[in-house]
Amino acid sequence: MEQKIKIFEEELARLSDEALVARFNQEVDNPGWVSSRAYFLKALCLQFEKRRIDASVLQGDYGISLKHKVRLQESKLVV
């Protein structure tokens, strides 16, 4: 599992902050769910954390919320 997350992290690390946010927004309202998507989303959250981007707006009742698209504003994600 950790290896799969690491692979996604390496890919996401190459993106700019704006591209990282755009990549998250591609997942919003996507009803499909497989284990690799869970690993991808974990890697995405880890990238936000490593870049010191406040992603607290993404916290849902049961983990990451994919209900709303976000934008980056002063190192913070906002709806």
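A residue counts as buried when its relative accessible area is under 20% and as exposed when that area is over 50%, with partly exposed in between. The model on screen is a predicted one.

**Stop 1: the aromatic pair**

Select Phe40 first. Its relative accessible area is 7%, so Phe40 is buried. Now add Phe8, whose relative accessibility is 21%, which makes Phe8 partly exposed. A search of the whole structure finds one aromatic pair. That pair is formed by Phe8 and Phe40, with an edge-to-face arrangement, 5.5 Å from centre to centre and 80° between the planes. Phe8 belongs to helix α1 and Phe40 to helix α3, 32 residues apart, so the pair links distant parts of the chain.

**Stop 2: helix α1**

Select residues 2-13, which make up helix α1. Do the ends of this helix lie as far apart as 1.5 Å a residue predicts, or not? With 12 residues the expected span is 16 Å, and the end C-alpha atoms are 16 Å apart, which agrees.

Next, colour the buried residues of α1: Ile5, Glu9 and Leu12. Viewed down the helix axis, these buried residues fall within an arc of 65°, so they line one face of α1. To see what covers them, show α2 (17-25) and α3 (35-50), which are among the covering elements.

**Stop 3: Ser36 beside Lys4**

Stay with α1 and α3 on display and pick Ser36, which is in helix α3. Ser36 has 37% relative accessibility and therefore counts as partly exposed. Draw a distance from its C-alpha atom to that of Lys4: the separation is 7.8 Å, although the two residues are 32 residues apart along the chain.

**Stop 4: helix α3**

Select the whole of α3. Its 16 residues should span 22 Å at 1.5 Å a residue; the end C-alpha atoms are 23 Å apart, which agrees.

Which residues of α3 are buried? They are Arg37, Tyr39, Phe40, Leu41, Ala43, Leu44, Gln47 and Phe48. Show their neighbours as well: the buried residues of α3 pack against α1, α2, β2 (63-64) and β4.

Within this set, zoom in on Gln47, a residue of helix α3. Its relative accessibility is 6%, so Gln47 counts as buried. Leaving out residues up to four places away in sequence, Gln47 touches Glu9, Leu12, Ala13 and Leu20. Glu9 and Leu12 have already come up, as two of the buried residues of α1.

**Stop 5: helix α2**

Move to α2 and select Leu20, Val21, Phe24 and Asn25, which are buried. They cover an arc of only 145° around the axis, which puts them on the same side of α2. The elements that cover these buried residues include α1, α3, β2, β3 and β4.

Keep Phe24 selected and expand to its contacts. Which residues does Phe24 touch, not counting those up to four places away in sequence? The contacts are Leu44, Phe48, Leu58, Ile64, Ser65, Leu66, His68 and Val70.

**Stop 6: the nonpolar core**

In soluble globular proteins, nonpolar side chains tend to be buried together. Here, the largest nonpolar core has 18 residues. Select Leu12, Phe24, Leu44, Phe48, Leu58, Val70 and Leu77, the members that touch the most other members. Elements giving two or more residues to this core are α1, α2 and α3. The element that gives the most is α3, with six residues.

**Stop 7: two residues with positive phi**

Most residues other than glycine have a negative phi. Select Arg52, which is not a glycine and yet has a positive phi of about 60°. This value occurs just after α3, in the loop between α3 and β1 (59-60). Is Arg52 buried or exposed? The relative accessible area of Arg52 is 73%, so the residue is exposed.

Then select Glu74, another residue other than glycine with a positive phi, near 50°. Glu74 sits in the loop between β3 (71-72) and β4 (77-78). At 75% relative accessibility, Glu74 counts as exposed.

Technical notes. Residues are numbered from 1 along each chain as its sequence is written. This is a predicted model: local features need pLDDT of at least 70, side-chain atom pairs count only at pLDDT 80 or more; totals for chains, interfaces and linings use all residues. Side-chain values use heavy atoms; hydrogens and water are left out. Helices (H or I, at least four residues) and strands (E, at least two) are DSSP runs, numbered from the N terminus. The expected span of a helix is 1.5 Å times one less than its number of residues. Buried means under 20% relative accessible area, exposed over 50%, partly exposed in between (1.4 Å probe, protein chains only). The arc is that of the directions from the helix axis to the C-beta atoms. Contact means heavy atoms within 4.5 Å. A nonpolar core is a set of buried Ala, Val, Leu, Ile, Met, Phe, Trp, Tyr and Cys residues joined through side-chain atoms within 4.5 Å. Rings of Phe, Tyr and Trp (its six-membered ring) pair if their centres lie within 6.5 Å; planes under 30 degrees apart count as stacked, over 60 as edge-to-face and the rest as tilted.
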